[in-house]
Amino acid sequence: MSTTMPDSDVDLRTYLRVLRRRKWWVILCTGLAVAGAIAYSFNATKEYSATAQLLVQPQSGTLALTTPAQPITATDVATELQLLTSTPVVDAVESRLHLSQLNVKGAEQGQTNVISLTATNRDPALAARVANALATEFVNYETFVALKSLTTAEVQLQTQINVIEQELVSTAGTPQGVALANQEAVLKEQYAQYQVVGTQTTGGVTIVSPAAIPNAPSSPKKTEITLIGLAVGLLVGLGAALCGVGSSRLPAGRT
């Protein structure tokens, strides 16, 4: 006469007993999942990532002549991150390397003013070329923006000087004329300083570490994929082994 186990009597020992009986389900499912994960990781397309590092500093140029250099803030770094992959910079690199699309991303290095620029490609050498080209083009772009700002300031100064020179024609020898002459001298000196600084102006971003050709692929991540396969296999195996336990009456002497 067979006995049955009421659903209310299903406890941890029951599950453990069932698992011992059906352990091959767990072993089989886990083995298949791990084998599949390993096979995928070896056959998946390999990609390589190369990283260059950029340092964000206060701009040199017009600001240095008018106000003290301000410390870099988190907002400044976030702004540079947005500009790093902006259309003008990316288009310049694509044209330079004859590429149709770039796989690049920027990230802030902790709580610092350093930005990491990572390029990913199936060709490790090309990944490094893209990262370095983008870093160079970004530095050039920032310098161009700074020079444009400096040029605008020079034009404004020259306009003020021209206006004063016109006023001096009718005010020569008067107290007003003397004051205008002094103001003109100050503006001309500042204009000359701008021209000197223009030859040394930078956009405030410099390359501190160029990208090197990676030796190992960044993806697929074989260890992570294998661990995921292991976890999935265990879950499926446990689910298959414990299927029906607690929801139906399980014969005491059968699987």
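Hi everyone, let's start with Val236, which sits in helix H8, residues 222-241. Before I go on, please keep in mind that this is a predicted model. Val236 is partly exposed, because its relative accessible area is 46%, and the cut-off for exposed is over 50%. Which residue pairs with Val236 across 203 positions of sequence? That is Ala33, and the two C-alpha atoms are 9.1 Å apart in space.

Let me step back to the whole chain for a moment. There are eight helices and four strands. If you walk along the sequence, the pattern reads α-α-β-α-α-α-β-β-α-α-β-α. Of the 255 residues in the chain, 31% are buried.

Now to another long-range pair. Tyr15 belongs to helix H1, which covers residues 12-21. Its partner in this pair is Ala241: the two are 226 residues apart along the chain, yet their C-alpha atoms are separated by 9.3 Å. Is Tyr15 buried or exposed, or something in between? With a relative accessible area of 30%, Tyr15 is partly exposed.

Next, a pair of helices. H5 spans residues 87-97, and H6 runs over 124-171. Two packed helices are described by the angle between their axes and the distance between the axes. Here the axes of H5 and H6 come within 9 Å and cross at roughly 130°. That angle falls between the perpendicular range, which ends at 115, and the antiparallel one, which begins over 145, so H5 and H6 are oblique to each other. As for handedness, the crossing of H5 and H6 is right-handed.

Let's follow the chain out of H5. The loop between H5 and strand E2, which is 104-108, holds His98. What is the phi of His98? Phi is near 60°, a positive value in a residue other than glycine. His98 is exposed, because its relative accessible area of 71% is over the 50% cut-off.

Leu102 is found in that loop between H5 and E2 as well. Leu102, however, is buried: its relative accessible area is 14%, and buried means under 20%. Thr85 lies 17 residues from Leu102 along the chain, with 9.7 Å between the C-alpha atoms.

Leu102 also brings us to a pocket, as one of the residues that line the second largest pocket. Rolling a probe the size of a water molecule over the atoms shows where empty space is left. In the second largest pocket, that space comes to about 160 Å³. Its lining residues include Glu47, Leu99, Gln101, Asn103 and Val104, and then Ala119, Thr120, Asn121, Arg122, Leu126 and Val130.

Where does this lining come from? Strand E3, at 114-121, and helix H6 each supply at least two residues. The largest share, three residues, comes from E3. By character, the lining of the second largest pocket divides into six nonpolar, four polar and two charged residues.

One last stop, starting from Arg122 in that lining. Which residue's C-alpha atom is separated by 8.6 Å from that of Arg122, 95 residues apart along the chain? It is Pro217. Pro217 is located in the loop between strand E4, residues 205-209, and H8, so we finish just where the chain leads toward the helix of Val236. Pro217 is partly exposed, with a relative accessible area of 34%.

Thanks for listening, and I'm happy to go back to any of these spots on the screen.

Technical notes
Residues numbered from 1 in each chain as written. Predicted model: local features only at pLDDT ≥ 70, side-chain atom pairs only at ≥ 80, totals over all residues. Heavy atoms only, no water. Buried < 20%, exposed > 50% of the residue type's maximum accessible area, 1.4 Å probe, protein only. 1 Å grid on protein atoms, 1.4 Å probe; cavity = no way out; pocket = protein on both sides within 12 Å on 5 of 7 lines; lining within 4 Å. Points joined across faces, edges and corners; volume = space filled by probe spheres on them. Nonpolar A, V, L, I, M, F, W, Y, C, P; charged D, E, K, R; others polar. Axes fitted to C-alpha atoms, helices over the stretch in contact; angles between N-to-C directions. Parallel < 35°, antiparallel > 145°, perpendicular 65-115°, else oblique. Left-handed = near helix turned anticlockwise from the far one by under 90°.
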